[in-house]
Amino acid sequence: MGLLDKLEGDLQDALGKSGGASNLIAQAFNDIGGLQGAVDMLQKSGLGDRVDSWLSANASNLPITPEEISAALGNEQLQQLAAKFGVPLDQVANILSQHLPAAVDKASPKGKLEQ
């Protein structure tokens with residue numbers, strides 16, 4: 001088992017204990033307004049089409065790359081998230097790219113984020 005496998009396993013354990021990705025990610029983004037704050041940052045970075053697909057009940061979730069996450073959130077926010085998730089800084093954008101679309105989708109069953 002490699003380091004990445006262990007990190008993924010640790011994150012999955014945390015997701016299960018916290019009520020799922022939506023709750024864990026929303027808690028991690030508390031400093032910027034929860035999932036809504038993260039969504040706002042992504043939209044302002046030109047990623048509105050991705051975010052819209054996550055919010056839509058009728059569309060498939062478009063993917064987002066770790067590089068897009070990094071550019072939209074910035075290094076300071078990524079450092080804070082890495083600390084909250086307990087993962088290395090170089091892995092946080094990758095983890096978010098895998099879990100953020102589903103977390104936003106799950107937290108917005110009617111097309112708007114539920115607070």
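A residue is called buried when its relative accessible area is under 20%, exposed when this area is over 50%, and partly exposed in between. By this scale Glu68, with a relative accessible area of 21%, counts as partly exposed, and the same scale is applied below to the other residues of the model, which is a predicted one.

The protein chain contains 6 helices and 0 strands, so that the order of elements read along the sequence is α-α-α-α-α-α. Of its 115 residues, 42% count as buried, and the accessible surface comes to about 6200 Å², with 51% of that surface belonging to carbon and sulfur atoms. When contacts between residues at least 6 apart in sequence are considered, 58% of them join residues at least 24 apart.

The arrangement of the helices can be described through two pairs. The axes of α5 and α6 come within 8 Å and cross at roughly 110 degrees; because an angle of 65 to 115 degrees counts as roughly perpendicular, these two helices are described as roughly perpendicular to each other. The crossing of α5 and α6 is right-handed. On the side of α5, the residues that take part in the contact include Pro66, Ile69, Leu73, Leu78 and Phe85, and among those they meet as a group in α6 are Leu89, Val92, Leu96, Ser97 and Leu100.

For the second pair, the axes of α3 and α4 come within 7 Å, with a crossing angle of roughly 140 degrees, and α3 and α4 are therefore oblique to each other. Here the contact is made by Val39, Leu42 and Gln43 from α3, together with Gly48, Val51, Asp52 and Trp54 from α4.

Helix α4 itself is mostly covered, since 6 of its 8 residues are buried. The buried residues of this helix are Gly48, Arg50, Val51, Ser53, Trp54 and Leu55, and they pack against α3, α5 and α6. Two of these residues, Trp54 and Leu55, are also in contact with Ser108, which in addition touches Leu113 when neighbours within four places in sequence are left aside. Ser108 has its place in the segment after α6 and is buried, with a relative accessible area of 2%.

A second serine, Ser97, is found within helix α6, where its relative accessibility of 12% makes it count as buried. Leaving aside neighbours within four places in sequence, Ser97 is in contact with Ile64, Thr65, Pro66 and Ile69. Of these, Pro66 and Ile69 also appear among the α5 residues in the contact between α5 and α6.

Charged side chains were examined next. Side chains of opposite charge can pair when their charged atoms come close. A search of the whole structure finds 3 salt bridges. In one of them, the side chains of Asp31 and Lys84 meet with a distance of 3.2 Å from N to O. This pair links distant parts of the chain, as Asp31 belongs to the loop between α2 and α3 whereas Lys84 belongs to helix α5, and the two are 53 residues apart. Asp31 counts as exposed because its relative accessibility is 55%, while Lys84, at 40% relative accessibility, counts as partly exposed.

The other salt bridges share a residue, Arg50. Arg50 forms a salt bridge with Glu68, in which the closest N and O atoms are 2.6 Å apart. Since Arg50 lies in helix α4 and Glu68 in helix α5, this pair ties together parts that are 18 residues apart in sequence. Arg50 also forms a salt bridge with Asp49, and in this case the closest N and O atoms are 3.6 Å apart. Asp49, Arg50 and Glu68 are thus linked in a network of salt bridges. With regard to accessibility, Arg50 is buried, with a relative accessible area of 18%, whereas Asp49 counts as partly exposed at 44% relative accessibility. Glu68, as stated at the outset, is partly exposed, because its value of 21% is not under the limit of 20% that applies to buried residues.

How values were computed:
Residues numbered from 1 in each chain as written. Predicted model: local features only at pLDDT ≥ 70, side-chain atom pairs only at ≥ 80, totals over all residues. Heavy atoms only, no water. Salt bridge = Lys/Arg side-chain N within 4 Å of Asp/Glu carboxyl O. Helix = DSSP H or I, 4+ residues; strand = E, 2+ residues; numbered from the N terminus. Buried < 20%, exposed > 50% of the residue type's maximum accessible area, 1.4 Å probe, protein only. Contact = heavy atoms within 4.5 Å. Areas by Shrake-Rupley, 256 points an atom, 1.4 Å probe, with all protein chains shown as cover. Axes fitted to C-alpha atoms, helices over the stretch in contact; angles between N-to-C directions. Parallel < 35°, antiparallel > 145°, perpendicular 65-115°, else oblique. Left-handed = near helix turned anticlockwise from the far one by under 90°.
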